[in-house]
Amino acid sequence: VGGAITAASSALTGSNTETTLGTVAIAANALKAGDVIRIRAQAVLTATTSSDTFTLKVKIGGTLVGTATAIDQTDGDIAYIDVEVVIRTATTMVAAGIQSNGVVGTATAKPFLLASTACDLTAAMDVTATGQWSTTSGSDSARLDVLNVTKIIG
């Protein structure tokens, strides 16, 4: 289990539809109870306007495991998620991590958690990072620069 995107994503510009920016695959039966994976995702906001906001999310399969809270953005801001997912049983997982969204070096990191949630380890699961702007301004643009998935225990 592990992988990373090897290039920045295409720019997400002028769309208020949640859009997949990057994907790392986890093969069926690659995880078992007691395994821990770390997921890191980072997007950079290359152009922003007005009070528009950007939301970065990380999902395993269709399950949301972390969200970088939307705030009023400025050019060069980043959205960042660092989460550890613990496989509790063959059918459940929990997660905890930090998220931040804002100015590099000054944005505040905030903790989050995912309570016990169903998962199917017998199926292949994609780890995806998605982005979404609050409006459809063609002057808003962001790209995913980092999506890493690492098995750290197990």
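**Close-up views of strand pairing**

**View 1. Strands E7 and E8 lie side by side in a predicted model.** Strand E8 covers residues 92–102. E7 and E8 pair in the antiparallel sense, and 11 bridges link them. Just two residues sit between these strands, and together the two strands form a hairpin. Look for Ile87: Met93 in E8 stands opposite this residue.

**View 2. Strand E7 also pairs with strand E4.** E4 spans residues 36–47, and E7 spans residues 78–89. Their pairing is antiparallel, with nine bridges. One pair to find here is Val36 and Val86: the two stand opposite each other, with Val86 in E7. What holds strands of a sheet together? Backbone hydrogen bonds pair them, in a parallel or an antiparallel way.

**View 3. Four strands make an open sheet.** Read the strands across in the order E3-E10-E5-E6. The pairing is antiparallel. Which strands form the edges? They are E3 (19–26) and E6 (63–68), and each of them pairs on one side only. Neighbouring strands in this sheet are turned against each other by 20° on average, with direction ignored.

**View 4. Strand E5 meets the edge strand E6.** E5 runs from residue 54 to residue 60. How many bridges join E5 to E6? There are five, and the two strands run antiparallel. Zoom in on Leu56: its bridge partner in E6 is Ala68.

Technical notes. Residues are numbered from 1 along each chain as its sequence is written. This is a predicted model: local features need pLDDT of at least 70, side-chain atom pairs count only at pLDDT 80 or more; totals for chains, interfaces and linings use all residues. Side-chain values use heavy atoms; hydrogens and water are left out. Two strands pair if DSSP finds at least two bridges between them. Axes are lines fitted to C-alpha atoms, for helices over the stretch in contact, and angles run from 0 to 180 degrees between N-to-C directions.
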